[in-house]
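User: I am new to reading structures, so please walk me through this one slowly.
Analyst: Gladly, and the picture comes up here.

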Amino acid sequence: MNSDPAPAITGPPAVRVPGRRMEELSPDEALRLLGTVELGRIVFTRHALPAVRPVNHLLDAGDIVIRVQDGSTLAALLAALPGTGVVVAYEADDIDQGAHLGWSVVATGYATAITAPGEIERYAHLLQPWVEGTSSGAIRIRPDLVTGFRLLESRR
């Protein structure tokens with residue numbers, strides 16, 4: 001058995017980025033911001049690997065609701081686990097690419113299929129798909145963990 005200490009791993013020196021700072025958001029503020037945009041990304045497991053899909057959403061009483069295209073991977077995933085829900089993450093952001101300022105939010109929780117016909121019809125009117133195809137279902141994500149940050153200009 002070798003008792004020599006492992007060599008120290010060194011990386012590049014830390015670089016300070018002038019002009020910007022990061023501020024953590026409260027869960028309430030993060031959800032509020034998520035409700036101000038229409039596009040996000042749902043992260044789920046497909047064949048034991050992470051998968052990501054861009055989708056449009058709305059925030060309804062603290063839940064994230066997305067419509068699902070018939071025959072999609074998300075529809076099949078929920079059909080395979082009816083009622084129990086599937087652990088997912090949902091991310092949305094609004095970051096100015098030029099100024100590198102804005103915010104990003106990640107909500108993690110269980111996604112379940114919305115099955116009540118009245119609710120499905122309601123969301124069909126509120127959430128119009130961005131791509132062609134039939135969307136007869138919807139998913140509700142109940143966030144258990146909500147984190148986020150805001151990129152701001154540094155105080156001088």
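User: Which residue stands opposite Asp96 in β6?
Analyst: Asp96 stands opposite Leu101 in β6, and a second facing couple is Asp94 with Trp103 in that strand. Before going further, please keep in mind that this is a predicted model, in which local features need pLDDT of at least 70 and side-chain atom pairs count only at pLDDT 80 or more, while totals for chains, interfaces and linings use all residues. Residues are numbered from 1 along each chain as its sequence is written, and side-chain values use heavy atoms, with hydrogens and water left out.

User: OK, and how many bridges are there between β5 and β6?
Analyst: β5 and β6 pair in the antiparallel sense over 11 bridges, where strands are said to pair if DSSP finds at least two bridges between them. The strands and helices themselves are DSSP runs numbered from the N terminus, with at least four residues (H or I) for a helix and at least two (E) for a strand.

User: What is in the turn of that hairpin, then?
Analyst: The hairpin of β5 and β6 has 4 residues between its strands, and His100 takes a positive phi near 60° there.

User: Why is a positive phi worth pointing out?
Analyst: It is worth pointing out because most residues other than glycine have a negative phi. Ala48, which is not a glycine, also has a positive phi, of about 65°, and Ala48 sits in the loop between β2 (39-46) and β3 (49-60). Ala61 takes a positive phi too, near 55°, in the hairpin of β3 and β4, which has 2 residues between the strands.

User: Is Ala48 buried or exposed?
Analyst: Ala48 counts as exposed because its relative accessibility is 69%, given that exposed means over 50% relative accessible area, buried under 20%, and partly exposed in between, with a 1.4 Å probe and protein chains only. His100, at a relative accessible area of 42%, is partly exposed.

User: Zooming out, how many helices and strands are there in the protein chain?
Analyst: The chain comes to 3 helices and 7 strands, and from the N terminus on they run β-α-β-β-β-α-β-β-α-β. Of its 156 residues, 31% count as buried.

User: Which residues of β4 are buried?
Analyst: On one side of β4 they are Asp63, Val65 and Arg67, and on the other Ile64, Ile66 and Val68, so both faces are covered. Since 6 of the 6 residues of β4 are buried, this strand is largely enclosed by the rest of the structure.

User: And what does β4 run alongside?
Analyst: β4 runs antiparallel to β3, with 4 bridges joining the two, and Leu58 stands opposite Val65 in β4. β4 is also antiparallel to β7 (residues 137-153), joined by 5 bridges, and here Ile64 stands opposite Ile141. β7 is in turn joined to β6 by 13 bridges, again antiparallel, with Tyr110 opposite Arg142 in β7.

User: New topic: how much space lies in the largest pocket?
Analyst: About 360 Å³ of space lies in the largest pocket. Of the 16 residues that line it, the closest to its centre are Pro54, Val55, Arg67, Gln69 and Val131. A pocket here is an open set of points on a 1 Å grid over the protein atoms alone, where a 1.4 Å probe fits and protein lies on both sides within 12 Å along at least five of seven lines, and a lining residue has an atom within 4 Å of a point.

User: Which element gives the largest share of that lining?
Analyst: That is β3, with 4 residues, although β2, β3, β4 (63-68) and α2 (73-80) each supply at least two.

User: Val131 came up just now, so which nonpolar patch on the surface is it part of?
Analyst: Val131 forms a nonpolar patch with Leu39 and Trp130, and together they have about 310 Å² of accessible area. Nonpolar patches join side chains of Val, Leu, Ile, Met, Phe, Trp or Tyr within 5 Å, using residues with over 30% relative accessible area and no salt bridge, and a salt bridge is a side-chain nitrogen of Lys or Arg within 4 Å of a carboxyl oxygen of Asp or Glu. Leu39 lies in strand β2 and, at 33% relative accessibility, counts as partly exposed.

Conventions. Patches are made of residues with over 30% relative accessible area and no salt bridge: like charges are joined within 9 Å, nonpolar side chains (Val, Leu, Ile, Met, Phe, Trp, Tyr) within 5 Å. Accessible areas come from the Shrake-Rupley method with a 1.4 Å probe; for residues, only the protein chains shown count as cover. Grid points are joined across faces, edges and corners, and a volume is the space filled by probe spheres set on the points.
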